[in-house]
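Reader: Could we go through this structure together? I should like to begin with the conventions.

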Amino acid sequence: MTNPVTAGSPSAPPGEAPPGAARVLAALDAVRDPELDEPITSLGFVSSCTVSADGDAQVRLRLPTYFCAPNFAFLMVADAYDAVSALPGVRATEVVLEDHFASDAINGGVAARAGFARSFDGEAVGELHELRADFLRKAVMAGTDLVCRPLAAAGVEPPALAALTLGQAPPSPALERLRQRRAELGLPAGDDAPLLIDPATGAALGDDAVPLHLRRAHTTRVSIEANAGICRGMLRHRYGTSGLGEEEQ
Amino acid sequence: MYEKDGEKYFVVDGHMHYWNAAPDNWVPGAEQYAKGWIECFHAYQGLGPPATHWTIEHFQKYSEEDLMKDVFEDGYVDVAIFQPTYLKEWYKEGFNTTERNALMGEKHPGKFIYNTRWDPRDGDAGIEQLRKNVERFGSKGCKLYSAEWNAGSRGWKLTDPAAYRYLEACQELGVKNIHVHKGPTIWPLDKDAFDVSDVDHAATDFQDLNFIVEHVGLPRIEDFCFMATQEPNVYAGLAVVIGGLMHARPKFFAKVMGELLFWVGEDKMLFGSDYAIWEPKWQVEGFVDWEMPDDPSLTDYPRMNTASKKKIMGLNAAKLYDIKVPDEYQLKDGTPGAHEVLGGQPEEHAASGA
């Protein structure tokens, strides 16, 4: 996000009406759990979302366990902060992670725009860009399976898949999502780019490499989906209520 | 022992615990972590069938009698392998230490195997302790938590030179089964704590040792699979896979089993209940009954037969731990179980050191 409006900053244009809670929730649809590659809304992680008449937005997030990985938790809180504070009419943003062993460090760190390493002083030396990129590459692999499996089921053989460009593949939400993930990583995402690429390098795949690549893409998707299944089950066990925008799977 | 449709299954529970996480064992000042930890475990239990859920009070501290009934009397288990988890910074006497396990187990000769643990950051003293533990408890395996925080150190890798010293000691002491926790973890905070590449290297360098990746690297099953398929001495520990998915997410259970059967294979998969997170009874019954569903999305996965299930339920682990399995439980056609990396004759299993 560029130029986020920070807490208490006067940069919100005067006279802009505050967004409704529904608009804020819609903005949170763009925030994903980096590990599960799904919006925090549909996962059920948003427990409340309010905006005052003055444009003060408050979002409360919840996670499946007290010990969910703090690095991913930090990214979600920080991304939610950025998404909400960028909305026109939002004067101040507060994002609160509830019921987590590192709630204080994460909430305080995000509010102070301190970055991850400073929020966990002494416990972390690096920021989380590489971690996020690793998981984006997994999302690209899983997304490749999502796009290619229906094609394979329709009889498109691996060499023919390898010859397709993104522009030639049948349009679908899955294809759009794959393009977005590739673009986020700086990988080729235009119409002329090959459908199948090595997510580490962006290079096209040789015919020999295609069957194994597709097999690995499928395993990656199964892994992410199974993990999301466990997370959903534990969240449900922990809270017993639906989050805002939660979608049953 | 479990019997179904005239088939007899020798059951080795490769991953279970005897813990005390009740308030009487919480370290003052760390109560919120001790409480949070056990509540987190308890939430995993929520993924099992509702009739098997416990109250949090019971879950925090169950008795020896509870364990013997749940695991052996009701749960069909023939031999259970204790995997210790220390967590002494949160639990005064540890969460479940080798000592606690052995104190209980020695009253029930032949039922338990006591794995121990080590941490390469403990230096020479740790190696000495490992020797003592092996002598005292007869440990043939150990459970490692490489992501554990320790006095300012942010975890370690099996490939660290200090860890290689311990692996060499394991080789010398006959601790040949290295169970590595590659599953949900907290630390180190800024890294991906599930990375399994260190297991890959260690398994190549220590061919006499077996590396059992517990929880199959969940949530990174794919990384584990791609690695395990290349290393003959890397195994899949199914704790969490069966307990966490078979009931709660049957469709994903089928897919994860399919992936494991494809990449790792039925000779290298080991049942573990993760008791007391889940009781073994429903897991054993459900797994033996389970078939890959007849679904177009699952057609390219290998199928299991009765022999596959016998291997996963106990014969593979029996081989790794030299547990003598009576003839009636062996595969009828002589199909080999886990790969024959282990020389020597199986000996009569007894809880040594008792």
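Author: What follows covers the conventions, then chain A, then one helix of chain B. This is a predicted model, in which local features need pLDDT of at least 70, side-chain atom pairs count only at pLDDT 80 or more, and totals for chains, interfaces and linings use all residues. Residues are numbered from 1 along each chain as its sequence is written, while chains are lettered from A and ligands numbered from 1 in the order in which they are written.

Reader: How many helices and strands does chain A have?

Author: Chain A has eight helices and five strands, taken as DSSP runs numbered from the N terminus (helices: H or I, at least four residues; strands: E, at least two). Its radius of gyration, taken over C-alpha atoms, is 20 Å, close to the 18 Å that the globule rule gives for 249 residues, so chain A is as compact as a globular protein of that length. That rule is 2.2 Å times the number of residues to the power 0.38.

Reader: And which domains is chain A divided into?

Author: Domain 1 spans 21–117 and domain 2 spans 129–235, with bounds from an automatic or database domain assignment. Their centres, over C-alpha atoms, are 28 Å apart. In chain A, 11 residues of domain 1 are in contact with 12 residues of domain 2; contact requires C-beta atoms, placed from the backbone, within 7 Å.

Reader: Turning to chain B, how many residues of helix α8 are buried?

Author: Seven of the eight residues in α8 (221–228) of chain B are buried, that is, 20 or more other C-beta atoms, placed from the backbone, lie within 10 Å of their own. Among them are B:Phe224 and B:Met227.

Notes: Contact = placed C-beta atoms within 7 Å. Buried ≥ 20, exposed ≤ 12 C-beta atoms within 10 Å, placed from the backbone.
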